[in-house]
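Subject: A structure for you to explore

Hi there,

Here is the structure I promised you. Have a look at it first, and then read on for what was found in it.

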Amino acid sequence: MTVDLRSDTVTRPSPEMLQAMFSAEVGDDVLGDDPNCNALEAEAAALTGKEAALFTPSGTMANQIAIRCWTQPGDEIILESDAHPYHYEAAGAAVISGVQTRLVQGERGLLDPETLFAAIRPYNIHFAQAALVLVENTANRGGGTVYPQEVLQQIGDGCHERGLRVHMDGARVMNAVVASGKSLAEVVAPVDSVSICLSKGLGAPVGSILAGPKDMIFRARKVRKMLGGGMRQAGYIAAAGRYALQHNVARLADDHRRARELAAGLNGLGLGTRPVETNMVYVKIPGAEAAAERLNAAGVLCFALSDDAIRLVTHLDVDDAGIARAVQVFGEIVG
Ligand SMILES: Cc1ncc(COP(=O)(O)O)c(C=O)c1O
């Protein structure tokens, strides 16, 4: 039995989702007449409480389009030091938008408002002009952590007072929604734009959403085209995204419960874990690379994210038996 805990990106479409894709009516989305893309974008705008939304091929592209829309070349963007666009987006912000990245140390991937505001420099001809702050909710390298809503509100208000925009990398914002019990619109209200991955815990094969004000999404549509992200009969994958939003949000609570159970099982073996807030378990293991290799060989697929930490992610395709098996294999290999 293989248990794939590498990421929630590994989920495959269920038979019901495939049926929704198979029966999708499609058009040419670059020409604006794909009914499923149009419906997905309207539904995503309504769910986020933003004026408009855009379907993109990936979360990376959605983040990069947002950076491009909110900045001018030579501006500065500010991110927490563990943020995805800094670590894993191939310097896209520098290449696509010509901006300078400033990192601010937060805690468990979350920015502290006072530390952030102290990093925002006033206008000066010597300085890169800070234009955009990115917040990640949930924070991946932070351990799947959720921003307390009052902190997000403080960040949003403080940035707006200083003339900056705020973009949320909400690849896993639905996990934050389910963990907090708040609506998506409430969670994203303090930020100007949000990207949301449909292909992680929500189980769609491809695609993300970028939501924000109408004029920003109008510009975003052109940037998407520039980056080669205009897709033709994309309704087949938009149909999967619509299915995911309708059927796979509430069940994220199961992934969170299984992550807590997995952590408890590993704690029972004497292994330390970071507090579990959503669907990620970070296990402390000296020699994490070698341990991950042994776990992978035994059928528990995972990644070492540093010398002493392995990340395990629960998702749609991991059931209770998978969690029990993972704990058993950890016990045999590293316990
Ligand atoms: C926090 C976060 N943002 C953005 C992305 C990028 O998503 P994609 O792989 O669809 O480009 C990921 C993917 O793992 C992520 O974890």
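How many residues lie between E12 and E13 in the hairpin that they form? There are two residues between E12 and E13. Before going on, please note that this is a predicted model, in which local features need pLDDT of at least 70 and side-chain atom pairs count only at pLDDT 80 or more, while totals for chains, interfaces and linings use all residues. Residues are numbered from 1 along each chain as its sequence is written. The labels H and E stand for helices (H or I, at least four residues) and strands (at least two residues), which are DSSP runs numbered from the N terminus.

**The four-stranded sheet**

The hairpin belongs to an open sheet of four strands in the order E9-E10-E13-E12, with antiparallel pairing. Two strands pair if DSSP finds at least two bridges between them. At the edges are strand E9 (272–273) and strand E12 (303–306), each of which pairs on one side only. Strand E10 (residues 280–284) and strand E13 (residues 309–313) run antiparallel and share five bridges, and one pair to look for is Lys284 with its bridge partner Ala309 in E13. Two helices pack on this sheet. Helix H12 (residues 252–268) touches E9, E10 and E13, and its direction makes about 15° with that of E10. Helix H13 (residues 288–297) touches E12 and E13, and its direction makes about 170° with that of E12. For these angles, axes are lines fitted to C-alpha atoms, for helices over the stretch in contact, and angles run from 0 to 180 degrees between N-to-C directions. Contact here has a simple cut-off: the C-beta atoms of two residues, placed from the backbone, lie within 7 Å.

Back at the hairpin, E12 and E13 pair in the antiparallel sense over three bridges; Ala304 has Ile310 in E13 as its bridge partner.

**Inside strand E13**

Is E13 enclosed or open? Five of the five residues of E13 are buried, so the strand is largely enclosed by the rest of the structure. A residue is buried if 20 or more other C-beta atoms lie within 10 Å of its own, exposed if 12 or fewer, and partly exposed in between, with C-beta atoms placed from the backbone. In a regular strand, side chains alternate between the two faces of the sheet. Both faces of E13 are covered, with Ala309, Arg311 and Val313 buried on one side and Ile310 and Leu312 on the other.

Leu312 is worth a click. Leu312 counts as buried because 28 other C-beta atoms lie within 10 Å. Leaving aside residues up to four places away in sequence, Leu312 touches Leu5, Leu262, Val281, Val283 and Cys302. Leu301 is eleven residues from Leu312 along the chain, and their C-alpha atoms are separated by 8.5 Å.

**The seven-stranded sheet and H11**

A second open sheet has seven strands in the order E2-E8-E7-E6-E5-E3-E4, with mixed pairing. Its edge strands are E2 and strand E4 (100–104), each pairing on one side only. Strand E7 (residues 193–197) and strand E8 (residues 208–212) run antiparallel and are joined by four bridges; Val194 has Ala211 in E8 as its bridge partner. H2 packs on this sheet and touches E2, E7 and E8.

Helix H11 (residues 235–247) is mostly covered, with eleven of its 13 residues buried. Those buried residues pack against helix H1 (15–22), helix H2 (35–48) and strand E2 (52–56).

**The ligand and some backbone details**

Which residues are closest to the ligand? They are Ser58, Gly59, Thr60, His84 and Ala171, among the 13 residues that surround the ligand; a residue counts as near if its C-beta atom, placed from the backbone, lies within 6 Å. Helix H3 (residues 59–70) gives the largest share of this shell, three residues.

Finally, a cis peptide bond joins Asn137 and Thr138, with omega about 0°. Ala91 has phi near 60°, a positive value in a residue other than glycine. Ala91 lies in the loop between helix H4 (84–87) and helix H5 (92–96), and is exposed, with 10 other C-beta atoms within 10 Å.

Enjoy exploring!
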